[in-house]
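Me: I would like to learn how to read a protein model feature by feature, beginning with the overall layout and ending with single side chains. Could you take me through one, giving the general idea before each case?

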Amino acid sequence: LVVFEFQMGRGRAGPKEFLQGFRGKLQCDGYGAYAKLGEGITYVACGAHLRRGFVDAAKLAPLDSRPQEIVARFAELYAVEQEARERGLGAEARWALRQAKSAPVMAALKARLVVIRQAIAPGGKLAQACDYALDQWSRWEEYLRDGSLEIDNNWCEGAMRPLALGRKNWLHLGSPEAGPKVAAIASIVETCRRLDINVRTYLLDILPKLGEWPINRVGELTPTAWKTARAAKPS
């Protein structure tokens, strides 16, 4: 399931209210508003955000081999994830594969980051990338401990990208009251995408029913329930 939540700002109050009572693992970047959201939350860092700083550093200093070296080490970790996908591994098998292949790479990568950081002055792009990665490291190691976790939250980032790209274009259109409605629509559409449901087919079936559908049975119209019901029907 995919749920978009609309807020007028990026402060901690929004995610804290949304996640009130949540117990589990929260994968996110190191943005300060996501910290201290409540008891029972285990934070999981995003590998793509750790990697991004070194990609940027390599672009700024193409003659410096160190950022490129670190990016190459990240590529080794992502190659393990690619292998797991190609082999169709479940959570337990993916955990075992990561322990065998990713854990040694991670240990060597951390040691190398410490060496690089000690050799350079603070404030530069490479130093910032090292500082961010080392600060997030214990959170990132969570993905090694749980095969159901992803190495990053790129699928989530990809789902938000159309809204992020459009946000500046929509800045002076509509009103705050429209935000939750847009978030609800985006939630439905992205859930359909994640469940491999044709959005057009789903909406053509669901929308005509809404006017007379009992409110206490609205759960039957969610993408998950709709797909289950369709699969149960004889062909």
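Reply: What follows is a short dialogue on the fold, the core, the salt bridges and a few single residues of this predicted model.

Me: How many helices and strands are there, and in what pattern do they follow along the sequence?

Reply: The general idea is to list the elements in order before looking at any side chain. Here the protein has 10 helices and 2 strands, and along the sequence they run α-β-β-α-α-α-α-α-α-α-α-α. The C-alpha atoms fill a box of roughly 70 × 45 × 35 Å along the principal axes, and of the contacts with a separation of 6 or more, 60% join residues 24 or more positions apart.

Me: Which residues of the largest nonpolar core touch the most other members?

Reply: One reads a core by asking who its members are and which elements supply them. This core holds 26 residues, and those touching the most other members are Phe54, Leu77, Leu109, Leu113, Trp140 and Tyr143. At least two residues come from each of α2 (47–60), α3 (65–86), α4 (91–119), α5 (125–140) and α6 (142–145), with α5 giving the most, namely 7 residues. Phenylalanine 54 can serve as an example: beyond its neighbours within four places in sequence, its contacts include Pro67, Phe74, Leu113, Leu126 and Ala133.

Me: What part of the protein is buried, and what does a case on the surface look like?

Reply: Burial is judged by relative accessible area, where under 20% is buried and over 50% is exposed. Buried residues make up 32% of the 235 residues. Alanine 121, in the loop between α4 and α5, has a relative accessible area of 56% and is therefore exposed. Leucine 207, in the loop between α9 (199–206) and α10 (223–232), has a value of 48%, so this residue is partly exposed. Together with Ile188, Leu203 and Leu210, Leu207 forms a nonpolar patch on the surface with about 310 Å² of accessible area.

Me: How many salt bridges does a search of the whole structure find, and which residues are linked in a network?

Reply: The general idea is to ask of each bridge which elements it connects and whether its partners are covered. The search finds 15 salt bridges, and Glu81, Arg94, Arg98 and Glu150 are linked in a network of them. Glutamate 81 and arginine 94 meet at 3.8 Å, N to O; because the former lies in helix α3 and the latter in helix α4, the pair ties together parts 13 residues apart in sequence. Both of these residues are buried. Arginine 94 also pairs with glutamate 150, the closest N and O atoms being 3.3 Å apart, and since glutamate 150 lies in the loop between α6 and α7 (154–167), this pair ties together parts 56 residues apart in sequence. Glutamate 150, at 30% relative accessibility, counts as partly exposed, whereas arginine 94, at 10%, counts as buried.

Me: Where does threonine 191 lie, and what does its side chain reach?

Reply: For a single polar residue, one can look in turn at its element, its cover and its partners. Threonine 191 lies in helix α8 (residues 179–194) and, at 4% relative accessibility, counts as buried. The threonine 191 side chain reaches the backbone nitrogen of valine 2 at 3.0 Å. Leaving aside neighbours within four places in sequence, threonine 191 is in contact with Leu1, Val2 and Pro223.

Technical notes. Residues numbered from 1 in each chain as written. Predicted model: local features only at pLDDT ≥ 70, side-chain atom pairs only at ≥ 80, totals over all residues. Heavy atoms only, no water. Patch = residues over 30% accessible without salt bridge, like charges linked within 9 Å, V, L, I, M, F, W, Y side chains within 5 Å. Areas by Shrake-Rupley, 256 points an atom, 1.4 Å probe, with all protein chains shown as cover. Salt bridge = Lys/Arg side-chain N within 4 Å of Asp/Glu carboxyl O. Helix = DSSP H or I, 4+ residues; strand = E, 2+ residues; numbered from the N terminus. Buried < 20%, exposed > 50% of the residue type's maximum accessible area, 1.4 Å probe, protein only. Core = buried A, V, L, I, M, F, W, Y, C linked by side-chain atoms within 4.5 Å. Contact = heavy atoms within 4.5 Å. Polar contact = N/O pair within 3.5 Å; in protein donor to acceptor, adjacent residues only side chain to side chain.
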